[in-house]
Amino acid sequence: MGKLREEFEAEVKKNIDRKREKLGRGLSREEKKTIVKKVFWKHFKRDVFGGIALGLGILTGVNTAKTINAPQDDKKIEIDNDSEKDTSKSEDIDFKNGLHVKIDEKQASGDEEIDYDKIMDEIIDEYNQKYDEKLSKEDLGYIKSRPQFLGIDENGEYIQDYKQKEDVDSYLTDGIGEIYVVINKEDNSVIGSLGKVEGEITNVDTKIVMDGNRKEYLEGEKKIDLTKDSDNKEIDEKSIENRYKALANEYQKALDKDKDK
C-alpha cells in the first residue's frame with residue numbers, strides 16, 4: 001500500500017502546485033477537493049481503488065516553491081476509511097478539513113451514459129443567451145488540433161496561436177493533448193475550444209487555427225469559455241470532461257459524414 005499512497009500523494013501535490021502556479025494564488029478548499037477527486041478517479045480507473053480506499057493515510061503538504069506571492073498552506077489532507085462500512089451500495093470517502101467525495105455505483109461501474117446531444121444543446125443555449133443569437137447545431141463546425149506549443153498569458157490562460165502574434169508570458173511545449181475547436185460556420189469564426197493540457201481538460205483561447213485542408217479560422221468577437229456556465233461560473237470537473245467528449249464525438253461525426261460523401 002505504501003507505494004500506492006506515495007504515488008497518490010505525489011500526484012495530488014503536483015496538481016495542486018500546478019494549479020496554484022497557474023492562478024498565482026493559494027487554492028480554496030473546494031478547489032483542492034476537486035483536484036483530490038480528479039486524481040482519485042484517475043487511480044480508480046487504473047483498478048487500484050481497493051488499495052487507495054483501504055490503504056491511504058495522510059497526504060503531503062501542498063506547498064510550492066515556484067509560485068510567486070502565493071500563500072503557503074501547510075495543512076494536510078487525510079483520507080479516512082471505515083473497512084466495516086457496507087460497500088455494496090456506495091463508497092463514501094471523507095476528507096478531513098471538510099473535503100468529501102461520494103462515489104455511487106453508477107459512476108464506479110463506468111456504465112454512465114453521456115447524452116452528447118443534451119450537452120451540445122446546453123453549450124448552444126449558453127452561447128445564444130450570452131449574445132442573443134439563434135445558432136443551431138447545424139451552424140457549428142469542429143476542428144481537432146494538437147499544436148506543438150501553447151502560449152500562457154498573464155492570467156494563466158492557454159493561448160493557441162501558431163503564428164505567435166499574441167503577447168504571452170511564456171510558452172508550454174510539453175503535455176499538450178488534443179484541442180477541439182468549435183467554429184461558427186456562418187462566418188468561419190472560432191467561438192470556443194477545450195483542450196487536454198498536462199492531463200487536465202481546460203479552456204483554450206484559440207486565436208487562430210488551421211484545419212486539415214490548411215484553411216485558417218480566426219477567433220470571433222463572440223466567444224464562450226466552455227468550462228463555465230451561462231452565469232460565468234466554473235462548472236464541475238466531470239461536466240467539463242463530458243463537454244470535451246461531446247466535442248470529440250461531434251468532430252468524429254462530422255469526419256465520418258465527410259468520408260461518406
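Let me start with the largest cavity, which is lined by F149, G151, I159, Q160, D161, Q164, E166, V168 and Y171. Bear in mind that this is a predicted model. The space inside that cavity comes to about 40 Å³. A search of the whole structure finds one cavity of 30 Å³ or more. Strand β6, residues 158-161, gives the largest share of the lining, three residues. By type, the lining of this cavity has four nonpolar residues, three polar and two charged.

Next, the pockets. I will take the second largest pocket, which holds about 790 Å³ of space. It has 24 lining residues, and the closest to its centre are G141, Y142, A254, L255 and D258. Which elements give two or more residues to that lining? They are β4 and α6. The largest share, seven residues, is from α6. Sorted by type, the lining of the second largest pocket has twelve charged residues, eight nonpolar and four polar.

Now the nonpolar cores. The largest one has 21 residues. Those with the most contacts inside it are M120, I123, L140, Y142, V182, L226 and L247. Two or more residues of this core come from each of α5 (116-131), β4 (140-145), β8 (176-184), β9 (189-197) and α6 (237-260). There is also a second, separate core, with 14 residues, including I152, L172, I179 and V190.

One residue of the largest core to look at is L140. What is L140 in contact with, leaving aside neighbours within four places in sequence? The list is M120, I124, L135, V182, I183, K185 and I191.

That brings me to helix α5. It has 16 residues, and from its first C-alpha to its last it reaches 23 Å, close to the 22 Å expected at 1.5 Å a residue. Which residues of α5 are buried? They are I119, M120, I123, I124, E126, Y127 and N128. As a general point, an α-helix has 3.6 residues a turn, so residues three or four places apart point the same way. You can hold that against the list of buried residues, with I119, I123 and Y127 among them. The cover over the buried residues of α5 includes β4, β8, β9 and α6. Just after the helix, D132 has a positive phi of about 55°.

To recap, α5 and α6 each give two or more residues to the largest core, and α6 also gives the second largest pocket the largest share of its lining. That is what I have for today.

Technical notes
Residues numbered from 1 in each chain as written. Predicted model: local features only at pLDDT ≥ 70, side-chain atom pairs only at ≥ 80, totals over all residues. Heavy atoms only, no water. Core = buried A, V, L, I, M, F, W, Y, C linked by side-chain atoms within 4.5 Å. Buried < 20%, exposed > 50% of the residue type's maximum accessible area, 1.4 Å probe, protein only. Helix = DSSP H or I, 4+ residues; strand = E, 2+ residues; numbered from the N terminus. Contact = heavy atoms within 4.5 Å. Expected span 1.5 Å × (residues − 1). 1 Å grid on protein atoms, 1.4 Å probe; cavity = no way out; pocket = protein on both sides within 12 Å on 5 of 7 lines; lining within 4 Å. Points joined across faces, edges and corners; volume = space filled by probe spheres on them. Nonpolar A, V, L, I, M, F, W, Y, C, P; charged D, E, K, R; others polar.
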